[in-house]
Amino acid sequence: QVQLVESGGGLVQPGGSLRLSCATSRTTFYLTDMGWYRQYPGKGRELVADLTRGGITNYADSVKGRFTISGDIAKNTVFLQMNSLKPEDTAVYYCKAGRPVTMSRVPFWGQGTQVTVSS
């Protein structure tokens, strides 16, 4: 069964905004961090933003100042507010939940949600 459920993707015009949401399904896990990755066709997944259990944020340079990650890791919820969207932000966005070393640091992944920025 799906461990992470994503929502909020869609089609938006350049300069517009979207808010992505992610949460675990049914059960709350102990997580070290939650974050967002995106994948372009033919490329690997790259970090967009990450939020640690201790509240530390990390952003890709390409989204710094435009995207904001927030959430409650203990409640297994995370959001990505995306403002001033550009066509190059078009990608499939995946939610990732980091797991502790006791779980071999094997992450949970969301199903992916398409974000398309186009006029």
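Contact, in this talk, means heavy atoms within 4.5 Å. Keep that in mind for methionine 82, which comes up several times. One caution before we start: this is a predicted model.

Let's begin with the sheet. Four strands make an open sheet, and their order is E1-E3-E8-E7. The pairing is antiparallel. Which strands sit at the edges? They are E1, residues 4–7, and E7, residues 67–72. Each of those pairs on one side only. From one strand to the next, the twist averages 15 degrees.

Now go into the middle of that order. E3 covers residues 18–24, and E8 covers residues 77–82. Six bridges join them, and they run antiparallel. Look for leucine 18: it stands opposite methionine 82 in E8.

Next, E7 and E8. They also pair in the antiparallel sense, over six bridges. Here phenylalanine 67 stands opposite methionine 82. So much for the pairing; what does methionine 82 touch? Leave aside its neighbours within four places in sequence, and methionine 82 is in contact with Gly16, Ser17, Leu18, Leu20, Arg66, Phe67, Tyr93 and Val115. Both bridge partners I just named, Leu18 and Phe67, are in that list.

Stay with E7 and E8 for the turn. The hairpin has four residues between the strands. Asparagine 76 lies in that loop. Its phi is positive, about 60 degrees, although asparagine 76 is not a glycine. Is asparagine 76 buried or exposed? Asparagine 76 counts as buried, because its relative accessibility is 0% and the cut-off for buried is under 20%.

Compare the loop between E3 and E4. Arginine 26 sits there. Arginine 26 has a positive phi too, near 70 degrees, and is a residue other than glycine. But arginine 26 is exposed, with a relative accessible area of 80%. Serine 25 is found in that loop as well. At 22% relative accessibility, serine 25 counts as partly exposed. One more point on serine 25: its C-alpha atom is separated from that of valine 2 by 6.8 Å. Those two residues are 23 residues apart along the chain.

On to two more hairpins. E4 and E5 pair in the antiparallel sense over six bridges. Arginine 38 has glutamate 46, in E5, as its bridge partner. Six residues lie between these strands, and glycine 42 takes a positive phi near 75 degrees.

E5 then pairs with E6, residues 57–59. That antiparallel pairing has three bridges. Alanine 49 has tyrosine 59, in E6, as its bridge partner. This hairpin has four residues between its strands, and glycine 55 in the turn has a positive phi of about 90 degrees.

Now the core. The largest nonpolar core has 28 residues. Which residues have the most contacts inside it? Met34, Trp36, Leu80, Met82 and Tyr93. So methionine 82 is back, this time among the best-connected core residues. Several elements give two or more residues to this core: E3, E4, E5, E7, E8, E9 and E11. The largest share, four residues, comes from E9.

That brings us to the disulfide. How many are there? The count comes to one. The disulfide joins cysteine 22 to cysteine 95, with the sulfurs 2.1 Å apart. Cysteine 22 lies in E3 and cysteine 95 in E9, so the pair ties together parts that are 73 residues apart in sequence. The torsion about the S-S bond is about -90 degrees, so this disulfide is left-handed. Both cysteine 22 and cysteine 95 are buried.

Last stop, threonine 113. Threonine 113 is found in E11, residues 113–117. Threonine 113 is buried, with a relative accessible area of 12%. The side chain of threonine 113 reaches the backbone nitrogen of glycine 9 at 3.5 Å. What else does threonine 113 touch? Not counting residues up to four places away in sequence, the list is Glu6, Gly9, Leu20, Ala91, Val92 and Tyr93.

To close, three places to look on the screen. Start at methionine 82, with Leu18 opposite it in one pairing and Phe67 opposite it in another. Then find the disulfide from cysteine 22 to cysteine 95. Finish at threonine 113 and glycine 9.

Definitions and conventions:
Residues numbered from 1 in each chain as written. Heavy atoms only, no water. Pairing = 2+ DSSP bridges. Axes fitted to C-alpha atoms, helices over the stretch in contact; angles between N-to-C directions. Buried < 20%, exposed > 50% of the residue type's maximum accessible area, 1.4 Å probe, protein only. Polar contact = N/O pair within 3.5 Å; in protein donor to acceptor, adjacent residues only side chain to side chain. Core = buried A, V, L, I, M, F, W, Y, C linked by side-chain atoms within 4.5 Å. Disulfide = S-S within 2.5 Å.
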